[in-house]
Amino acid sequence: MNSNFYTNPAFRHNYSPLKLGQIRVLCLDPGRFGSPLKGKLERVDLDQAQRSYSAISYTWGEPVFPFGLQIENDSKVLPLTESLHSALQHFRFRDGVLRLW
């Protein structure tokens, strides 16, 4: 798919503000390597999170977004760099949701 699709404001996911003490956790849907990435974003209160997620760094590489992740919450796309797309493809489970911060 054309990388312009992933950065087009009409299709791109828009973040809503977080409350003090909250983070966003990506609930990455299961899938086979190479299949499209899908998931949802959850707001999590840090005092109730109880480490129910894994943390990764997602700022590697150039700020070019040739890939996307389908966000179920609003049927929009979260633009991804090539390195993050590759990491998520490798990290995700085949049979369960992976929660990432």
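Colleague: What makes you say that Lys-40 forms a salt bridge with Glu-42?

Modeller: The distance does. Bear in mind that this is a predicted model. The closest N and O atoms of Lys-40 and Glu-42 are 3.8 Å apart, and the cut-off is within 4 Å, so the pair counts as a salt bridge.

Colleague: How many salt bridges turn up in a search of the whole structure?

Modeller: The search finds 2. Arg-99 and Glu-42 form one of them, at 2.7 Å from N to O. Set that against the limit of 4 Å, and this pair qualifies as well.

Colleague: Why say that the pair of Arg-99 and Glu-42 ties parts together?

Modeller: Look at where the two residues sit. Arg-99 is in strand E5 and Glu-42 is in strand E2, so the salt bridge links parts that are 57 residues apart in sequence. Glu-42 is also the partner of Lys-40. Through shared partners, Lys-40, Glu-42 and Arg-99 become one network.

Colleague: Are Lys-40, Glu-42 and Arg-99 buried, partly exposed or exposed, and how do you know?

Modeller: Buried needs under 20% relative accessible area and exposed needs over 50%. Lys-40 has 35%, so it is partly exposed. Glu-42, with 25%, is partly exposed. Arg-99 comes out at 22%, which again makes it partly exposed.

Colleague: Now the aromatics. What makes the pair of Tyr-53 and Trp-101 edge-to-face, stacked or tilted?

Modeller: The structure holds 1 aromatic pair. In it, the ring centres of Tyr-53 and Trp-101 lie 6.0 Å apart with the planes at 65 degrees. Pairing asks for centres within 6.5 Å, and planes over 60 degrees apart count as edge-to-face, so edge-to-face is the label for Tyr-53 and Trp-101.

Colleague: Which parts does that aromatic pair tie together?

Modeller: Tyr-53 belongs to the loop between strand E2 (38–45) and strand E3 (67–71), while Trp-101 is in the segment after strand E5 (98–100), so the parts joined are 48 residues apart in sequence.

Colleague: Is Tyr-53 buried or exposed, and what about Trp-101?

Modeller: Tyr-53 has 18% relative accessibility, under the 20% limit, so it is buried. Trp-101 has 46%, between the 20% and 50% limits, so partly exposed is the call. Ala-55 is in the loop between E2 and E3 too. Its value of 52% is over 50%, so Ala-55 counts as exposed.

Colleague: On to the sheet. Why are E4 and E5 said to stand at the edges?

Modeller: The sheet is an open one of 5 strands, in the order E4-E3-E2-E1-E5, with mixed pairing. Strand E4 (76–80) and E5 each have a single partner strand, so each has one side without a neighbour in the sheet. From one strand to the next, the twist averages 40 degrees.

Colleague: How do you know that E3 and E4 pair?

Modeller: Two strands pair if there are at least two bridges between them. E3 and E4 are joined by 5 bridges and run antiparallel, so they pass. Along them, Leu-69 stands opposite Leu-78 in E4.

Colleague: What does helix H2 touch in the sheet?

Modeller: H2 (residues 82–91) packs on the sheet and touches strand E1 (22–28), E3, E4 and E5, with its direction at about 110 degrees to that of E4. Leu-84, His-85, Ala-87, Leu-88 and Gln-89 of H2 are buried, and the cover over the buried residues of the helix includes E1, E3, E4 and E5.

Colleague: What makes the 12 residues of the largest nonpolar core a core?

Modeller: Membership needs buried nonpolar residues joined through side-chain atoms within 4.5 Å. The 12 that meet this include Leu-26, Leu-41, Ile-71, Leu-84 and Leu-98. E1, E3, E4, H2 and E5 each provide at least two residues of this core. Leu-88 is another member. Leaving out residues up to four places away in sequence, Leu-88 touches Leu-26, Leu-28, Leu-37, Ile-56, Leu-69, Leu-80 and Leu-100.

Colleague: And the chain overall: what pattern does it follow?

Modeller: Read along the sequence, the pattern is α-β-β-β-β-α-β, with 2 helices and 5 strands. Of its 101 residues, 32% count as buried. Among contacts with a separation of 6 or more, 63% come from residues 24 or more positions apart.

Key. Residues numbered from 1 in each chain as written. Predicted model: local features only at pLDDT ≥ 70, side-chain atom pairs only at ≥ 80, totals over all residues. Heavy atoms only, no water. Phe/Tyr/Trp six-rings, centres within 6.5 Å; stacked < 30°, edge-to-face > 60°. Helix = DSSP H or I, 4+ residues; strand = E, 2+ residues; numbered from the N terminus. Buried < 20%, exposed > 50% of the residue type's maximum accessible area, 1.4 Å probe, protein only. Axes fitted to C-alpha atoms, helices over the stretch in contact; angles between N-to-C directions. Contact = heavy atoms within 4.5 Å. Salt bridge = Lys/Arg side-chain N within 4 Å of Asp/Glu carboxyl O.
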